Amino acid sequence: MPGDFLLYTAPTPNGHKVSVFLEELKAAYGITYDVEKIDMSKNTQKEPWFIKLNPNGRIPVLVDHKRNDFVIFETAAILVYLQQHYDKDGKFGFNPATDPDHYSEELQWIFFAHGGVGPMQGQANHFNKYAPEAIPYAKKRYTEETKRLYGVLEIRLQDRDYLVGPGRGSYGIADINVIAWIRFHKIAGIESLNEWPRLKDWVERSTSRPAFQAGVAVP
């Protein structure tokens with residue numbers, strides 16, 4: 001019997017964001033999902049059938065069988081969608097109608113990661129490990145900007161355990177959305193997180209969750 005969702009994905013930070021959250025929802029509510037691994041080395045994500053799902057030709061893509069095979073792409077959009085429709089107890093996010101301030105903060109930190117950490121660290125990863133030639137300026141520019149963004153998160157976490165929520169905060173999609181990138185800091189030329197002790201503790205605390213560990217093992 002097919003699962004509630006079909007996830008097209010690959011073992012990348014963006015892919016892991018969604019599989020981690022699906023595993024959290026699975027543990028909390030019993031949702032089920034199937035996985036189809038996309039071979040990016042063969043440009044499978046650029047094939048016509050995939051472009052029909054996501055015109056941008058990127059993973060991940062989620063198909064929601066419970067809602068007439070509705071298709072969602074872009075990782076942040078997928079996380080918000082899943083939280084909105086399937087986190088009925090609000091374990092991992094906030095309701096815009098009943099808690100608009102925390103919901104706004106949640107979006108702020110999701111957008112911060114989506115427009116900052118992801119693109120900048122993605123470039124740092126590329127120029128430090130995958131570029132066909134060494135370009136020192138590019139390595140320095142993107143690694144230093146990634147470090148600056150880690151510093152922003154360090155400031156936020158000075159008196160908090162998680163990015164969003166009352167008191168010291170609560171673990172949720174805003175955390176998942178950025179920690180999936182920070183896990184790969186060594187590829188970006190950042191050997192250690194010791195420069196940001198609060199961030200380091202936050203990453204270790206979050207990634208030690210069983211659902212997080214299960215999610216990063218997908219696909």
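Good morning. I begin in the middle of the sheet, with strand β3, which is covered on both of its faces: Val61 and Val63 on one side, and Leu62 and Asp64 on the other, are all buried. Please keep in mind that this is a predicted model.

Let us place β3 among its neighbours. The sheet is open and has four strands, in the order β2-β1-β3-β4, with mixed pairing. At the edges stand β2, residues 33–37, and β4, residues 70–73; each has a single partner strand, so one side of each is left without a neighbour in the sheet. From one strand to the next, the twist averages 20°.

For those new to the subject, strands of a sheet pair through backbone hydrogen bonds, either parallel or antiparallel. What joins β1 to β2 here? Five bridges do, and these two strands run parallel. Within that pair, Leu7 has Val35 in β2 as its bridge partner. The pairing of β1 with β3 is antiparallel, over four bridges, and there Phe5 stands opposite Asp64. β3 and β4 also run antiparallel, joined by four bridges, with Val61 opposite Phe73 of β4.

β3 and β4 together form a hairpin, and five residues lie between them. In its turn, Asn68 has a positive phi of about 60°. Asp69, found in the loop between β3 and β4, also shows a positive phi, of about 55°, although it is not a glycine. Is Asp69 buried or partly exposed? Its relative accessibility is 43%, so Asp69 counts as partly exposed. A further residue of this kind is Asn43, in the loop between β2 and α2. Asn43 is not a glycine, yet its phi is positive, about 60°. With a relative accessible area of 41%, Asn43 is partly exposed.

I turn now to the helices that lie across the sheet. Helix α1 lies across β1, β2 and β3, and runs at about 155° to β1. Helix α3, residues 75–86, lies across β1, β3 and β4, at about 135° to β4.

Next, consider one residue of β1, namely Thr9. Its relative accessible area is 0%, and the cut-off for buried is under 20%, so Thr9 is buried. Which residues does Thr9 touch, leaving aside those up to four places away in sequence? They are Gly15, Val35, Glu36, Lys37, Ile38, Ile59, Pro60, Val218 and Pro219.

Two pairs in that list deserve attention for their peptide bonds. Ile59 and Pro60 are joined by a cis peptide bond, with omega about 0°; Pro60 lies in the loop between α2 and β3. The bond from Val218 to Pro219 is cis as well, with omega near 0°, and Pro219 belongs to the segment after α8.

Finally, I come to the pockets. Rolling a probe the size of a water molecule over the atoms shows where empty space is left. The largest pocket has a volume of about 740 Å³. Its lining consists of 28 residues, and those nearest the centre are Thr12, Asn14, Arg58, Ile59 and Trp181. Two elements, α1 (13–29) and α4 (100–130), each give two or more residues to this lining. Which element supplies the largest share? That is α4, with eight residues. By type, the lining divides into eleven nonpolar, 13 polar and four charged residues.

Thank you for your attention.

Conventions: Residues are numbered from 1 along each chain as its sequence is written. This is a predicted model: local features need pLDDT of at least 70, side-chain atom pairs count only at pLDDT 80 or more; totals for chains, interfaces and linings use all residues. Side-chain values use heavy atoms; hydrogens and water are left out. On a 1 Å grid over the protein atoms alone, a cavity is a set of points where a 1.4 Å probe fits but cannot get out, and a pocket is an open set with protein on both sides within 12 Å along at least five of seven lines; lining residues have an atom within 4 Å of a point. Grid points are joined across faces, edges and corners, and a volume is the space filled by probe spheres set on the points. Ala, Val, Leu, Ile, Met, Phe, Trp, Tyr, Cys and Pro count as nonpolar, Asp, Glu, Lys and Arg as charged, and the others, Gly among them, as polar. Two strands pair if DSSP finds at least two bridges between them. Axes are lines fitted to C-alpha atoms, for helices over the stretch in contact, and angles run from 0 to 180 degrees between N-to-C directions. Contact means heavy atoms within 4.5 Å. Buried means under 20% relative accessible area, exposed over 50%, partly exposed in between (1.4 Å probe, protein chains only).
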